[in-house]
Amino acid sequence: MSTSNPEVTAEAIQGRIDGSFPADMGVEPLELTDEHCRGRIVVDDRHLHPGRLVHGGAWVALADSVAAWQTFRHLPSGYDFTTIEMKLNVLAGGRPGDELIATAEPLHAGRTTHVVEVRVHRDERLVANLLVTQLVLAPEV
């Protein structure tokens, strides 16, 4: 299905997520091309567990959102998707004030599934990795 939907841009994504969970979590789109997508959060209190490190759900909110934007870029108009599997490895803790940059790259963009890898960096350090599989949903007739 190696489709490219150039109307799916960082600016379009920003408008689409307004008022949604990713926006509430402070997830910001930075860049979106056919080859990769980048987004970020700047860690604040809403991202922390009681031990004052980034909560697992916040890592997933960032990485899964950026993976979703990459998937949208490769879907035909009118198609949608849902996440069917994900695996997250957190390699280092995140703390208040940290800027976490997530970069998603498509590994597979087929007719029925897409697989996206997301690497999250703090400065130059890899701090998390997410692998996500999306189920492609055709428009309802």
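In the hairpin of β5 and β6, which places 2 residues between its strands, Asp123 adopts a positive phi near 55 degrees. The model is predicted, with local features requiring pLDDT of at least 70 and side-chain atom pairs pLDDT 80 or more, while totals for chains, interfaces and linings use all residues. Residues are numbered from 1 along each chain as its sequence is written, and side-chain values use heavy atoms, without hydrogens and water.

**Strands** (DSSP E runs of at least two residues, numbered from the N terminus; pairing requires at least two DSSP bridges)

- Strand β5 (residues 113–122) has 7 of its 10 residues buried (under 20% relative accessible area, 1.4 Å probe, protein chains only), so β5 is largely enclosed by the rest of the structure.
- β5 pairs with β6 (residues 125–137) in the antiparallel sense over 10 bridges, and Val118 stands opposite Leu130 in β6.
- Strand β4 (residues 99–109) runs antiparallel to β5, joined by 9 bridges, through a hairpin of 3 residues.

**Largest pocket** (on a 1 Å grid over the protein atoms alone, an open set of points where a 1.4 Å probe fits, with protein on both sides within 12 Å along at least five of seven lines; lining residues have an atom within 4 Å of a point)

- The largest pocket has a volume of about 280 Å³.
- Its lining comprises 16 residues, of which Ile17, Pro22, Ser65, Ala68 and Trp69 are the closest to its centre.
- Helix α3 (DSSP H or I, at least four residues) gives the largest share of this lining, 7 residues.

Definitions and conventions: Points joined across faces, edges and corners; volume = space filled by probe spheres on them. Buried < 20%, exposed > 50% of the residue type's maximum accessible area, 1.4 Å probe, protein only.
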